[in-house]
Amino acid sequence: MADVFKKVEPAEYYRRHLTHDARPDGRQLLAFRDVVVSVGTIGTADGSALVRLGGGGTTVVCGVKAELASPRPDTPARGYVVPNVELPALCAATLRPGPPTALAQTLSQAMADLIENSGCVDAGALCVSPGRLVWALHVDAVCLAHNGNLADACAAAVVAALRDTTLPAITIDDETGRVRVDSGRERAPVAASAFPVAASFAKFDNDILFADPTAEEEALATATVTVATLEDGSLCLLHKAGGSAMTEKELQQCVDRAQVRGAELRHLVNKVAASKEC
Amino acid sequence: MAVDLRLSCRIKQKPTTIYKEPDHLVTPGDVITTDTGFMRGHGTYMEDDKLYASVAGTVERVNKLICVQPLKSRYSGEVGDVVVGRIAEVGQKRWKVDTNSRLDSALLLSSVNLPGGELRRKTAEDELMMRQYLSEGDLISAEVQAVFHDGALSLHTRSLKYGKLSQGTLVKVSPSLVKRRKTHFHNLPCGASVIVGNNGYIWISPTVNEEADSTGGFVQDLNPVATADREVVARLHNCILAMARHRMMLSDTSIIYTYEASLAIGSLVKDLLKPEMESEVVTMARERLETES
Amino acid sequence: MTDLLLSEAEKMFIIHGVQDNLRVDGRSCDDYRHIELETDVVSSANGSARLKLSQTDVLVGVKADLTTPPTDNPDVGTLEFFVDCSANAAPTFEGRGGEDLARDISSTLARAYSSDRCSSSMLKALCVVPSEQCWVLYIDILILECGGSLYDAVSIAVKAALSSTKVPVVKVTSSDGGKPELELSDDPYDSLRINVKHAPCNVTLSKIGHSHVVDASLEEEVCSLASLMMAVTEEGTVTMLKKSACGSLHPESIYEMLETGKNVGLNLNKQLTRQLLDEECLHTQMGTNREPKGFL
Amino acid sequence: MLTSMLTSITIYLNAMPLDRMRIPGPEDSKPPFVYETPSGVDVSNLVKTNGCRKDGRKADHIRPMFIKCGIISQAQGSVYIEFNNTKVICGVYGPREFGKREDFSMNGRLTCDFKFATFSCKQRRQHQQDAEEKELSQLLLQSLSPAVCLHKFPKAQVDIYVIILENDGSALSAAVTCGSLALADAGIEMYDMVVACSARKYFNSILLDPTAAEEIVPMKTNESVDEGEMTVAYMPSLNQVSGLILKGEMHTQVCAQIMKSCLEGCNLIYPVLQQSLITSIRKSLSNVDLQGSKEL
Amino acid sequence: MSCLKQSNLRGFACEQSCLTRSDGSATFNQGETTVLAAVYGPVEVKLSKEHVEKAAVDVIYKPKVGIPGCKEKATEQLIKSTCETVLLVALHPRTAVVIVLQEMQNTGSLLSCCINACCQALMDAGINMRCLVCAVTTTVDQEGHIILDPTSKQEEDGKAVLTFAFDSKTNGVIMTTTSGIYSSQEYQECLLSAQHASAKIFEFYRDSILKKLSRVS
C-alpha cells in the first residue's frame, strides 16, 4: 500500500513523513546515514579510500596516482593536484556511457575547490626540485553506486585517500641531473593537518530542512546546500546553487550541524587509518 | 587444401574476343539525332530540338522511339517480367521485396496463393500469420503485375510455378545480361533447374518432382541434397558467375553450353574459380553458340 | 558485418554442403578461393600490397617514420596498424559505421604481430639510436571491398606489404654535442628490408553445422555462429588465437580446428613466401621497367 | 637536401585531444617507476624450485575468491569479486529500451563496457576508453552473449558495465566471471553460467590464474616458442567454450594443452559461483519474508 | 570581531537591449567589471533536454580568454539553477530559455556581476519571473574586515571570497558560494552586509526599468 502511495504521490508521501520528523528510511530529519570508510584498499594506487553511505546505497572509491612532471613556469615550486569525479554508467540507471555529465563536472570542480581552499595537501611535499620536477597527484573518485549525496561521499573519499597517500623519496644527482627513485627510504605522506569534511542538507517545501538526502529525496528537494568544515570550526566551502531561498538562520543551522558531523567523521577516518597502521 | 595464391602479373588472361562491335555507342551528352521526327525514350533527353543521350550505352530504335540501353543499371521492370526477389520487410498486408530495382517491390497479401487452395479467402488471421508464410530473407519467384507511378513494382505469385524458393543458391548478375523470353524457368538436362530472373537474380536448384512442388513452396523439403545434384548446382553456379564476369548473355542454351564446355575440358568444379579456366570455358561456349546460330 | 539475409532453405543448403565437403562454389572445406596479389603498388609508400580474394579487395601501405622508442623497450622500433573501412566497401561502413570492424581488425593484427620472436626479428632492426630514435612503421590498411574472409586477406596483404618495405638506411654520427646526428643514406638502393620470417598469416575457421571451413564467403559467414581465428607462422606456431562472433564452440571441435588451421596456415605461408620471392626476382630482372598492373 | 629530408620527417604526437570536461593535469607526466633502478620487471623465477609460485600457490591453484552480489543499489544486478588483489565490480541494467534507434530485431541486444579505473594498474590509465579496453569490451561481449537467451527480450537491451578497480592479473577472466554472475543476479535468462580462467605457459609449467607479475610482458620473455597466456571463457554445463584469446607464440598441441588447463580452472571456479549465487538468493528471500511479515 | 571596512558598492551601470538579435540582453558594470548577457526564449528545445513539465534553462558562459573547462561548467550550473529558481519555468513546458553570458572585463566580483546581468537580460526579454535576483560579492581580508564588492586585488589578498544571491521578495539566500577559509561568524557578518547592500541593487533595477519605460512612453 505504502509503495503505491509513494509511486503515485511521491511529494505528498515525503511531506507526510517529514512533517513528523521522520523519513521513509527511518532516519530523523537531521540524521546522516551510516558511513563506512576503508583506506588503502587499492594496492596499485599511492593512496586510496572507499566510502559507503547507508550500507552501500552510495559508494565512492577514490584512488590517488602520483606521477612526476615539470612544474608550470609561473609556479615553479608547486605540484599538481588533479581531482576528477567519474560517474560511470555502472552507478545509476539514468547514466549512459559517454563524456562526463554536468553533475560529474560540477563535482570535479567542487573537489578541486575543496582541496584548494582547505589546504589539505601539504604543498611542500609535492615539490621535488623547484622549477624542475614536482609531483602530480591524480585524484580520481569513481562512483560505484549512486543513491544521493555524492558531494559528501566524494569529499570523504578524496580527503581520506589523500590522507592515505604516501610518495616515494626521490633523489636527483646534482652532476648528471639523473632522477632516481630511492626505494630504500621511507615513503612520505602528502596530507597537511587540515581535514575538511563536507555535509549536505536539502530543503523540502521551503520550510523542512533535512540532512544527507538520498537520490529520491534529492529529486524532490527544492534546494540543497553543502557545507565543508575544518577541525577548528572554520568553514572552507559553503555551496548552495539556486533553489528555494534560505534564511540566515537556516544556513546557521546547517553550519552547526555540519560541525558536529565533521567531528564524527574525522574521528572515524582517524580510527580507520590508525587501525590500518597497526 | 588448396591455396591458389598468384601474382597479378603472372595471371595470363586470354582476351575473350568480342565478335561484333555494337552499332551505335553513346555517352551522356552525345547527340543521337537532330531529326525531330523521333520520340524520346529511356536514357535520352531533348534540348533545342536535338536528342541527347543521358546514359552510356547502345542506342536502340523501335519504329519512332529511340532509347539508350545502359550496359549496367538497376533493374527497371515491366509488366509480365519474371523476377526472383528476397523478402526485405513484412508490412501491413504486404511484403517488401528486394528485386534489384530502384525501389523495393511490393507483394500484396492479396496477390499470393496461400496454402489451402488458390481461391481461398484471405482472413484476418492470414494478416497476422504473414511472417509465418514469408519472412525476412525468404526468396520468391514472382511475376510483375503492375508498375506503380513511382516506378516501384507490384508482384504476384498467383500461379503454381511462382512462390517461395527452397534449397538452392542465388547468383546476382547485371539485369542487362538477361533478355525477355517466353520462359525463364528451365529444367536443364544436367539435373538442375534454373530460374533466370529478368532482374538479374538467377536461382539454381536441384530439379524436384513436379507434383511435389505444387504447394507454392510453403512446404519445404529441408533434407540434405544428394552430392551429385549438389555438384551440378555448384558447377552451374560457377559457370553463371564466369559468364557474368565476361558479359555473356544468359539463356538456357548459353548456360548449357558453358556447362558442357566446363565438363569437356575436364575441370573440377572449384577449378572454375581460376581466372584462366573461366575465360577458357566462356570462350568455348561462345564459339559453339556462334557456329550454331 | 553486412546485413545479408538468407532464407532458412538457403542456409540448410549451405550447411549440408559443408557437411558433404562440397561447398556452393565447389570448394572443399579447406580450400581458399583464388587470391591475386601485387606488391609495390603505391610508389609514395615505403612498401605496399594489393590483394584480391574473390570479392574481397584490400590495399595495404607501409610508411616509415622516425620517432622516439617506447620507454619500456628502448632498443626496438614499433608497428602501428590503422584500418580504414571505406564506405565503398559496404554502405554500412558510411560515417562511423565501419569503426568497430576497423578497430577489431587492427587489434587482431597487433596481437598477431606481438609475439616476441616476431617483434624481435622485425623490430630490432628498426632501432636507430637506442632510447633516442627508432623507426615506426605505419601500416595503413584500406578495405576496398569485402566479400568474406576479410581478416585472412588483410593479414596476407600486410605480410606481403612488409616484405616489400624498404626503409632508408640511417647513419649515426655522434657529434661533439653528445646528441647523435642522423644522416640519411642518399643511395636509393641502400635500404633496410624487413624480416618477415616470423610474421604470421591469419586463418579464420568458421564453424558451420558440425564442420568448419576456411575462407568463408559472405553467405557462409551468415550461416556460421562462431569462428576461430588463428595467426599461423611459417613454422606452424600460433601467435594469436581468438574466438570471434557471438556463438560458442565445443572444446573438441576447437582441438580439431587448431590442427586444420595449422595445416592451412603452413600452406598459406609457403605459397606466399614463394610468390614473394618470385615478385622479388621479377623486380630485379625488370628493374624500373616493370609495369605495375596497379588498379586496372 | 639531407637536412630538409630530416626536418620533413614529422614526429607523430599521440597526445589525446585536450579533455575540456575534466580538470586538466600537467601535459606530460611520468610514473615514478620509470626512474626506478633496476628498471623493468623481474620476470625470472616465477616458479621456485619447490614448485611454488611467488605467492605460495602451486601451478594449478587458483587464487582465493571473495564474492558479493547486489553491491550496487541502483542496478538490476551487480557483483563485486576479488581474486586476491584483482578487484572487479560489475553492474547490469535492463532489459530496457534500446539506447539508439536501431533496425527491428526479434532478438534482444547485449552491450558490454569494460574499463580499467585510472588507478587500477601500475601505469595510470586514461579516463576515456583506450584501444585495449575497447578490445576487451568486445571480447567480454563475445564471451557472455552465447549464454544469454536473447530471444527472451525482443527489442530491448541489457547493458553490462565492468570496472576493474585493481588489476593484479587475469583482468579479463575476472570480468567475464563477474559479468555472468551479475547477469544471473539481475535475473536475466541464461542457458548456463560463463566462467573464465586464464593460464600462463612458463617454461614447462602452466600457471593457472596468473597474477600481474606472472602475466606476459612484451619483449621480456626468452624469445622462445611455447610461451604465452590464454584466457578461456567456458559454459560448464553445456561444455561449450564461449571465449578464447591467446597472447604469445606456441605450437597447436601446446595451445590445446593450455586450454585444457584453463577448462580445469573454470571447473574449479564454477561451484564457488553457484554457491555464492545461492547464498545471495537465500539472503534476499529471507529479507522478503521479513518485509512480508512486517506488512501483515 | 570583524567589521565592515568598505560598505560602498562600486558604481554600477546597466544597459538593456544592447543586442538586436536576442530576445533580451543587458550589459552590467560593477566598477570596471563588465558582463554582457543575452537571453533567447522561450524557444524550441533539443529533445534530449526537454522537460515535460517545465522549461529547460540553459546557460552558456564564455570567458574572456581561453576555452571553457570544468570551472566554467560549474559556474554555468550555478547561474543556471539560480535563474531556474526565479523564472516561472512551469509556464513554458517543453521549451528552452537560453542565456549566454560573455565576460567582457574582470576586475573583481565577476560572479555577482554575471547574475545581475542575467537578471537584467531576463527582465528585458520579458520572461515571466517569480521575483528578481541580485548578487553581491564580499571579501574577508587578512585582518577579518569585510569588504563589499571587492576588486580583483582585494579578492586575491583576502582570506576568503563569498558570493550571495538574494531573492527580492523574501530577501532569502538563493545562491551562495565561497572560496578560502573563514569562520562561521564571518560568514554571518558577510551575509548580513551583503543582504543590506542588495537593497541598493534592487533599487537600481527599479530605476533602470522606470527609465526604460519612460523612454518608451
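**A tour from chain B to the A–D interface**

Begin by selecting residues 168–207 of chain B, a span that is 0% helix and 45% strand, and whose end C-alpha atoms lie 10 Å apart. UniProt, in an unreviewed entry, places the feature "domain: K Homology" at these residues of chain B. Keep in mind throughout that this is a predicted model.

Next, select chain A as a whole and colour it by secondary structure, which brings up six helices and 14 strands. The radius of gyration of chain A is 21 Å, close to the 19 Å that the globule rule gives for 278 residues, so chain A is as compact as a globular protein of that length. Along the principal axes, its C-alpha atoms fill a box of roughly 75 × 40 × 40 Å. Of the 278 residues in chain A, 52% are buried, and among contacts in the chain with a separation of 6 or more, 68% are between residues 24 or more positions apart.

Now add chain D to the view, where 38 of its residues are in contact with 46 residues of chain A. On the chain A side, the elements that give two or more residues are strand 3 (58–69), strand 4 (80–86), helix 3 (102–118), strand 6 (133–145) and strand 9 (179–182), with the largest share, eight residues, coming from strand 3. Coloured by residue class, this side of chain A divides into 27 nonpolar, 13 polar and six charged residues.

Finally, zoom in on strand 3 of chain A together with strand 1 (residues 29–30) of chain D, which pair in the antiparallel sense over two bridges. Centre the view on Ala69(A), which stands opposite Ser29(D) in strand 1 of chain D.

Key: Residues are numbered from 1 along each chain as its sequence is written. Chains are lettered from A and ligands numbered from 1 in the order in which they are written. This is a predicted model: local features need pLDDT of at least 70, side-chain atom pairs count only at pLDDT 80 or more; totals for chains, interfaces and linings use all residues. Two residues are in contact if their C-beta atoms, placed from the backbone, lie within 7 Å. Helices (H or I, at least four residues) and strands (E, at least two) are DSSP runs, numbered from the N terminus. Ala, Val, Leu, Ile, Met, Phe, Trp, Tyr, Cys and Pro count as nonpolar, Asp, Glu, Lys and Arg as charged, and the others, Gly among them, as polar. Two strands pair if DSSP finds at least two bridges between them. UniProt positions are given in the numbering used here, feature names are shortened, and annotations may be inferred rather than shown by experiment. The radius of gyration is taken over C-alpha atoms; the globule rule is 2.2 Å times the number of residues to the power 0.38. A residue is buried if 20 or more other C-beta atoms lie within 10 Å of its own, exposed if 12 or fewer, and partly exposed in between; C-beta atoms are placed from the backbone.
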